[in-house]
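Reader: I'd like a close look at one part of this model, with the charged side chains as the starting point. Could you walk me through it in one go?

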Amino acid sequence: MTAGLYFSHPSSLEHDPRAYSPAHPDTPERLRAIERALAGWDWGAWQRREAPAASEAELELIHSARHVRAIAELCRAGGAAIDPDTAVGPASYRAGAHAAGAACEMTRALMAAEASVGFCAVRPSGHHAEADRAMGFCLFNNVAIAAELAIRALGVGRVFVLDWDVHHGNGTAEAFRHRADVLFVSIHQSPLYPGTGPLDDCGTGAGEGFTINLPVPRGAEEELWLSLLEHVVLPAAVAFAPELVLLSAGFDAHAADPLADCRLQTSSFAEMARLLREMARAAQIPLGAVLEGGYEPQALGECVRATLDALGGEGKARAGARVLPETSNAAAQVSRYWPL
């Protein structure tokens, strides 16, 4: 079995919102920086694969047919700004379809035991996109589509989705808000765009307890993120007993990132990836990551390389993160639903 699968597609470089927003931070340079960082990397047992395009039916696992059609028509017409943050050009639908297709194909391969871990280096990102709305640089919700595919088509009963992008994954949260077969966890800075994800939002109805929001203050450093992951997130995930782990891998909580105010380092993401990998390995379940944010290109490239090393490596994660006051507050909320 291949140790890891890495999915990408040239169309990710063709999506460029700067035609409508010249200073837009989501540029093709982000992926070029990742490729530069991986140029001398020892791929070892990792295998590169070209991502297919998601079908309309796959996109409609999460999105309305109206939304999918609207994005396609807007791109065919030459593109436009959808909102102050989100714009499409002629190639954006193709890029979005391949980004979602990468997440779907990775999930199929993982569930077929072709590899134990995977990573999708694609754009546009997805975790802000809601069923009928593109927003926050996102057109289609790549991770949510992959999770739904796993459940509907691949016989998976429970999916754990962790979103460590510095912005709350509102689109993914809304997709599964009423569901008990997806445990969605988001660690994110607050206050910050999109303004959602308070600690007391735990899901709705049958999904109560299956949404875990862990807002952190501006300036939050590695110690707090690791404490939340080790003492709140992973114990809840183990109790949930998922059959698949999906990671919305945003790297904009890095100290160098211009869009937020957290203070993680490249090594912080590697450590979080090791902790997540150890949980997945102990449970003998596959783990797939999909790129979300990260807007300082050099830092992004370094973080992706470090994350790939951690996901595919053998090094042990550090243990015993200190329980901080914010961790205790979060644990008190989450322990209403999960043994921690």
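Is glutamate 271 buried or exposed, and what is its relative accessible area?

Author: Keep in mind that this is a predicted model. Glutamate 271 is buried, with a relative accessible area of 2%. Its partner is arginine 318: the two form a salt bridge, and the closest N and O atoms are 3.6 Å apart. Arginine 318 sits in the loop between H9 and H10 while glutamate 271 belongs to helix H8, so this pair ties together parts that are 47 residues apart in sequence. The arginine end is not tucked away like the glutamate end: at 47% relative accessibility, arginine 318 counts as partly exposed.

Staying with helix H8, there's an aromatic residue to look at too. Phenylalanine 269 is in helix H8 and tryptophan 164 is in the loop between strand E6 (159-163) and helix H6 (170-175), 105 residues apart, so to speak a link between distant parts of the chain. Their rings form a tilted pair, 6.0 Å centre to centre with 55° between the planes. Tryptophan 164 is buried at 0% relative accessibility, and phenylalanine 269 is buried with a relative accessible area of 0%.

Now for the loop that leads into H8. Aspartate 257 is placed there, between strand E9 (244-249) and helix H8 (266-283). Aspartate 257 is buried yet has no salt bridge; arginine 30, the nearest side chain of opposite charge, is 7.2 Å away. What the side chain of aspartate 257 does reach is the backbone nitrogen of tyrosine 295, at 2.6 Å. Beyond its neighbours within four places in sequence, aspartate 257 is in contact with Phe251, Asp252, Gly294, Tyr295 and Glu296.

Tyrosine 295 has a ring partner as well. Phenylalanine 137 and tyrosine 295 make an edge-to-face aromatic pair, with 5.5 Å centre to centre and 90° between the planes. Phenylalanine 137 lies in the loop between strand E5 (115-120) and helix H5 (142-153), and tyrosine 295 in the loop between strand E10 (287-291) and helix H9 (297-312), so the pair ties together parts that are 158 residues apart in sequence. Both phenylalanine 137 and tyrosine 295 are buried.

On the other side of that arginine 318 loop comes helix H10 (residues 325-334), whose buried residues are Thr327, Ala330, Ala331, Gln333 and Val334. They cover an arc of only 160° around the axis, which puts them on the same side of H10. Strand E8 (211-216) and helix H7 (222-240) are among what covers them. Pro325 and Asn329 are exposed, on the face of H10 turned away from the buried side.

Back to charges, for one more bridge. Arginine 179 and glutamate 148 meet in a salt bridge of 2.7 Å, N to O. Arginine 179 lies in the loop between H6 and E7 and glutamate 148 in helix H5, so the pair ties together parts 31 residues apart in sequence. Glutamate 148 counts as buried at 5% relative accessibility, whereas arginine 179 is partly exposed at 22%. A polar contact of 2.9 Å also joins the side chains of arginine 179 and aspartate 181. Salt bridges that share partners join Glu148, Arg152, Arg179 and Asp181 into one network.

Definitions and conventions:
Residues numbered from 1 in each chain as written. Predicted model: local features only at pLDDT ≥ 70, side-chain atom pairs only at ≥ 80, totals over all residues. Heavy atoms only, no water. Helix = DSSP H or I, 4+ residues; strand = E, 2+ residues; numbered from the N terminus. Buried < 20%, exposed > 50% of the residue type's maximum accessible area, 1.4 Å probe, protein only. Lys, Arg positive; Asp, Glu negative; His and termini not counted. Salt bridge = Lys/Arg side-chain N within 4 Å of Asp/Glu carboxyl O. Polar contact = N/O pair within 3.5 Å; in protein donor to acceptor, adjacent residues only side chain to side chain. Contact = heavy atoms within 4.5 Å. Arc of directions from axis to C-beta. Phe/Tyr/Trp six-rings, centres within 6.5 Å; stacked < 30°, edge-to-face > 60°.
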